[in-house]
Amino acid sequence: MRRLAVLLLMLGAPAGAQEGAAVFQSRCGHCHAAAAGAPPGPGPNLAGLVGRRVGGDPGFDYSPVLQAAGEAGQRWDEAMLARFLADPEAMFPGLWMGANGLRAEADRAAVARFLAGR
Ligand code: HEC
């Protein structure tokens with residue numbers, strides 16, 4: 001199944017839920033867990049991210065820029081997440097993520113859908 005998803009991505013097929021999971025695993029999964037209750041790794045746990053406030057994993061020590069955004073009441077939604085992934089540093093200058101976003105719009109949309117749980 002995973003091989004199929006990778007093949008579809010290589011062929012440039014529109015990314016669906018399966019592809020969102022595959023892109024997440026290969027591009028985000030070594031830093032972020034997406035399962036509820038999993039401990040944070042180098043990055044915060046992203047389970048239940050959509051609807052959660054920015055900087056909302058209680059087990060993770062966030063940068064000042066994400067802490068301030070959360071304290072100001074910012075919450076993640078799918079559209080915001082897709083924009084974030086286009087250029088994470090542009091949305092939150094001073095971010096500690098140490099990773100670029102995703103170049104392909106279809107990948108960004110698929111990962112945002114995956115993290116929204118649909
Ligand atoms: C090299 C490790 C690394 C990779 C790869 C990575 N991230 Fe992150 N990510 C982090 C760290 C560290 C933070 C916390 C940054 C801060 O505190 O400024 C973060 C923060 C985030 C946040 C904010 C979380 C919150 O609770 O508000 C989101 C959303 C996010 N990453 C999504 C992703 C996605 C999606 C990918 C894959 C495309 C990805 N990240 C790839 C390390 C990584």
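User: Before W76 is discussed, what is a polar contact?
Analyst: In this predicted model, the term refers to two atoms and a cut-off. A polar contact is a pair of N or O atoms within 3.5 Å.

User: How far does a polar side-chain atom of W76 lie from an oxygen atom of the ligand?
Analyst: A polar contact requires N or O atoms within 3.5 Å. The side chain of W76 places a polar atom by an oxygen atom of the ligand, at a distance of 2.8 Å.

User: Which residue has an N or O atom in its side chain 2.7 Å from a nitrogen atom of the ligand?
Analyst: The residues that come nearest to the ligand include H32 and S63. S63 has a polar side-chain atom 2.5 Å from an oxygen atom of the ligand. The partner of the ligand's nitrogen atom, at 2.7 Å, is H32.

User: Which helix gives the most residues to the shell around the ligand?
Analyst: The ligand takes up the space of the largest pocket. The shell around the ligand consists of 20 nonpolar, 7 polar and 2 charged residues. With 3 residues, spanning positions within 78-86, the helix that gives the most is α4.

User: Which element provides the largest share of the largest nonpolar core?
Analyst: The largest nonpolar core has 20 residues, and W76, L81 and F84 are among those that touch the most other members. Two or more residues of this core come from each of α2, α3, α4 and α6. The largest share, 4 residues, is that of α4.

How values were computed: Residues are numbered from 1 along each chain as its sequence is written. This is a predicted model: local features need pLDDT of at least 70, side-chain atom pairs count only at pLDDT 80 or more; totals for chains, interfaces and linings use all residues. Side-chain values use heavy atoms; hydrogens and water are left out. A residue is near a molecule or strand if one of its heavy atoms lies within 4 Å of it. A polar contact is a pair of N or O atoms within 3.5 Å; within protein, one must be able to donate a hydrogen and the other to accept it, and residues adjacent in sequence count only if both atoms are side-chain atoms. On a 1 Å grid over the protein atoms alone, a cavity is a set of points where a 1.4 Å probe fits but cannot get out, and a pocket is an open set with protein on both sides within 12 Å along at least five of seven lines; lining residues have an atom within 4 Å of a point. A molecule sits in a cavity or pocket if more than half of its atoms lie within 2 Å of its grid points. Ala, Val, Leu, Ile, Met, Phe, Trp, Tyr, Cys and Pro count as nonpolar, Asp, Glu, Lys and Arg as charged, and the others, Gly among them, as polar. A nonpolar core is a set of buried Ala, Val, Leu, Ile, Met, Phe, Trp, Tyr and Cys residues joined through side-chain atoms within 4.5 Å. Buried means under 20% relative accessible area, exposed over 50%, partly exposed in between (1.4 Å probe, protein chains only).
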